[in-house]
Amino acid sequence: MTALDEKETEVDKKGETRQETPVEIPGTLPVLPLSGTVTFPYMIVPLLVTSERAINAVDVALSRNRMVLLVTQRTSEVENPTPKDMYDIGTVGVVIRMLKMPDQNVRILAQGIARAHVRQWEEGLPYIQASIEVVEEGKPEAATLELEALRRNINAALEKASTLGKNIPQEVSIIAANLEDPGRLADLAASNLSLKVEEAQEILSILDPMKRLRRVHELLTREVELLTVQQQISSQARGEIDKGQREYFLRQQLKAIQSELGEGNELQEEVRRYAARAEEVKLPKEAREEFDRQLRRLEKLHPDAAETSIVRTYLDWMVGLPWSVETEDNHDLHEARRILEEDHYGLQKIKERILEHLAVRKLKKDSKGPILCFVGPPGTGKTSLGRSIARALGRKFVRLSLGGVHDEAEIRGHRRTYVGAMPGRIIQGLHQAGSRNPVFMMDEVDKIGADFRGDPSSALLEVLDPEQNNSFRDNYLGVPFDLSRVLFITTANVLDTIQPAFLDRMEVIRLSGYTEQEKLQIARRYLVPRQLEAHGLTPRSIVISSPVLRTIIRAYTREAGLRNLEREIATICRKAAVRRAMGNARPIVITRDKLPKFLGPPGNMPEERLRRSQAGIATGLAWTPVGGDVLFVEAQAMAGKGTLTLTGQMGDVMKESAQAALSYARAHAGRFGIKEDIFSKRDFHIHIPEGAIPKDGPSAGITLAAALVSVCTGRAVRRDVAMTGEITLRGDVLPVGGIKEKLLAAHRGRIRTIIMPRQNQKDLEEIPRDVRKDLKIILVDRMTEVIKHALV
């Protein structure tokens, strides 16, 4: 229930007071809750009724004696108030008019009759009903000096409030001047003030007429004071046109007075502080010249000028950068090795590279830092490895995510001519680190964009070039900053999208993914303890054994990294936390039989290879941005005229490999025992399942050829053999990339025999020993060798 904007008092259109008529008020009335307004006796107010219970209350009142109890809610946010949400004192009102609106709401015009106190609430009906007791106000005192003084003051205050802009009808002032009853006068004045609900309810609750009149007088006096201050503020605002000139003359006078008193040297003191800080940070020569030039500008500027704050911000950045502050490297190689082994399992090649860098720094202090680029699938620990490197070196660590960055100014900064200009992310990172030789990690460099605002990759060429970054010039600073002491590390998932000149600046180190044994050790040493701590569990409250972890790795995750494995462990911990929180104090032992209860049915089949050897189906190995994968190539021959159909979202390179494989099979049909007329009387269809996933690259060439020869000869391809390699028309097998990822994928898929190009033999050194001993590697140079080993 809300009060409408327009209010009516007890004055009718002719300005005459409505005559009071004695009315018999029943002891029980329907309740009409009011939101944000208080109704006083003898006042006429329009109300909007919106809630269903309130509309029911109005209907009951109209069917009986047209009387309702108007009670104000304690908080206006409650849509369906209960008795505890309403005050105990309200006003008995009579519904004069009622109008139903098209939106089912109701407008009423109600007049207050008397104050009433709620003795008991009744809620069982479709509306709220209350047993009430009409409150008898005290009898007005005989005319006294205090009463007359209060009446005059209130009348005068109402007139003044109206003069100051308060919207008080003239009829109200006339009625107030003629009222003798102090209670009626207090109610009339209060209903025309902008009171808070609590204040208006306080007036309604005061039964003594004189006390009520005094309280209304206090509130009215406060209102007049507020209106007076408001008018003064408006007058000052109108004089803002000449404010600039007045302030100039006043400042000149103030400057002369302060000069006489020896005061007003705040700006000079600020300049001295900047100069002292510049000495402390030991600015280089060129930076100090620019700093002094800006400092002289600050001395000449007015303290309140807009450009003063710009110069101050620039000087703050200049003295806040670590021009000469750096941390001391940890040259203890044994301690550095211990930290790297403690934080990460495996990754021996990367650890050796970091120790090499430390050894060089120990022997030659001013050696230039390398630019390392960690490339690998998501979840292989590239970012966390950067933190470990910083910890091993004893340096500060700064991380910058470049994914989706399109604006060159993000790297080089904005020129100071622009509003809100700031240094680039490189300078901001050094300011954050407080050191000029931190470990600076740039994540996702393969996802940098470029548009009309510039190419951030080109801007990074200077940053990541050891021959140039000793004088990196940020657009905001305008002076060179030495970045040669910073150890830059970048991360990426793929190298294809990185600009060639940008990639040339970096030393690429590949993280191909983890073997099953490595995942098991990492889960035991790092993932499980971390998730137990994150979920408030202890090693005694839940037991996850190594066989269970191995089952999770095989049956519930299929990835090169560790993110899904950690998510599955977190799922187990959450369900265990629920049991512990519900009072189960016994240790929770996770077994392989219980895993489906915690993680659901396995998402991956433990066996990746085919169930049986079949003609026309060969197993290949592929490289993807998220690690290696096993794919199956299906070939089928049918009656036709020798056409070749390719499906499964093959890319252009893979389609060309399929054409080359078909040409090779036709050229060497006699060698493999293929009938010569099969290519003129049969159509061939090659399909690679999982057709929604795009596939491309030359490494499936020998797999495509093996499937075609198999379907033409009817000889099955061995189900326990996977292969990778590019084929030529002469039948040569050429080397391909991603060998480590592909062999790890075959190992995960329980495939133990691999056919691969002989020229890729050098890549086998990167394969972990525990994986190599489980695999039988067959190195080939010619397609005939592939057919010999692959076909039954």
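Mentor: Before we start, helices here are DSSP runs of H or I with at least four residues, strands are runs of E with at least two, and both are numbered from the N terminus. Keep in mind that this is a predicted model.

Trainee: Okay, where is the place of Arg586?

Mentor: Look at the elements on either side of it. One is helix α20, residues 563–581, and the other is strand β16, residues 588–590. Arg586 belongs to neither run, so by the DSSP assignment its place is the loop between α20 and β16.

Trainee: Is Arg586 buried or exposed?

Mentor: The cut-off for exposed is over 50% relative accessible area. Arg586 has 64% relative accessibility, so it counts as exposed.

Trainee: Which residues form a positive surface patch?

Mentor: Arg586, the loop residue from before, is one of them. Lys and Arg are what count as positive, and the patch takes in both kinds. The full set is Arg579, Arg586, Lys594 and Lys597.

Trainee: Let's try a lysine in a helix. Lys351: buried or exposed?

Mentor: Lys351 lies in helix α12, which covers residues 348–363. Buried means under 20% relative accessible area. With 5% relative accessibility, Lys351 counts as buried.

Trainee: Which backbone oxygen does the side chain of Lys351 reach?

Mentor: We just saw that Lys351 is buried. Its side chain comes to 2.7 Å from a backbone oxygen, and the residue that oxygen belongs to is His344.

Trainee: On to charge pairs. How many salt bridges does the structure hold?

Mentor: Side chains of opposite charge can pair when their charged atoms come close. The cut-off is a Lys or Arg side-chain nitrogen within 4 Å of an Asp or Glu carboxyl oxygen. By that count, the number of salt bridges is 35.

Trainee: How many residues apart are Asp329 and Arg395?

Mentor: These two side chains meet in a salt bridge, N to O at 2.9 Å. Asp329 is in the loop between α10 (306–320) and α11 (333–343), while Arg395 is in the loop between α13 (382–393) and β9 (397–401). Both residues are buried. The pair links distant parts of the chain, and the separation in residues is 66.

Trainee: Which strand is Asp443 in, and which strand is Arg399 in?

Mentor: Asp443 and Arg399 form a salt bridge, with the closest N and O atoms 2.6 Å apart. They are 44 residues apart, and the pair links distant parts of the chain: Asp443 is in β10 and Arg399 is in β9.

Trainee: How does Arg399 count, buried or partly exposed?

Mentor: Its partner Asp443 counts as buried at 1% relative accessibility. Arg399 has a relative accessible area of 45%, which falls between the 20% and 50% cut-offs. That makes Arg399 partly exposed.

Trainee: What is the N to O distance for Arg505 and Asp465?

Mentor: The two side chains meet in a salt bridge. Arg505 is partly exposed at 24%, and Asp465 is buried at 12%. Their N to O distance is 3.5 Å.

Trainee: Which residues are linked in a network of salt bridges?

Mentor: The network has both charge signs in it, with Arg as positive and Asp and Glu as negative. Its members are Glu335, Arg338, Glu342, Asp343 and Arg391.

Trainee: And which side chain does Arg436 make a polar contact with?

Mentor: Arg436 lies in the loop between α15 (425–433) and β10, and it counts as buried at 18% relative accessibility. Its side chain reaches the backbone oxygen of Trp323 at 3.3 Å. The side-chain contact you asked about is at 2.9 Å, and the partner is Glu326.

Trainee: Now backbone angles. Near what value is phi of Tyr42?

Mentor: Most residues other than glycine have a negative phi. Tyr42 is in the loop between β2 (28–34) and β3 (44–49), and it counts as partly exposed at 22% relative accessibility. Its phi is positive, near 70°.

Trainee: What about Arg66: about what value is its phi?

Mentor: Arg66 lies in the loop between α1 (52–63) and β4. It counts as partly exposed at 34% relative accessibility. Although Arg66 is not a glycine, its phi is positive, at about 65°.

Trainee: Last one. How far apart in space are Val68 and Ala275?

Mentor: Val68 is found in strand β4, residues 67–72, and is buried with a relative accessible area of 0%. Along the sequence, Val68 and Ala275 are 207 residues apart. From C-alpha to C-alpha, the separation in space is 77 Å.

How values were computed:
Residues numbered from 1 in each chain as written. Predicted model: local features only at pLDDT ≥ 70, side-chain atom pairs only at ≥ 80, totals over all residues. Heavy atoms only, no water. Patch = residues over 30% accessible without salt bridge, like charges linked within 9 Å, V, L, I, M, F, W, Y side chains within 5 Å. Areas by Shrake-Rupley, 256 points an atom, 1.4 Å probe, with all protein chains shown as cover. Charge placed at Lys NZ, Arg CZ, Asp CG, Glu CD. Buried < 20%, exposed > 50% of the residue type's maximum accessible area, 1.4 Å probe, protein only. Polar contact = N/O pair within 3.5 Å; in protein donor to acceptor, adjacent residues only side chain to side chain.
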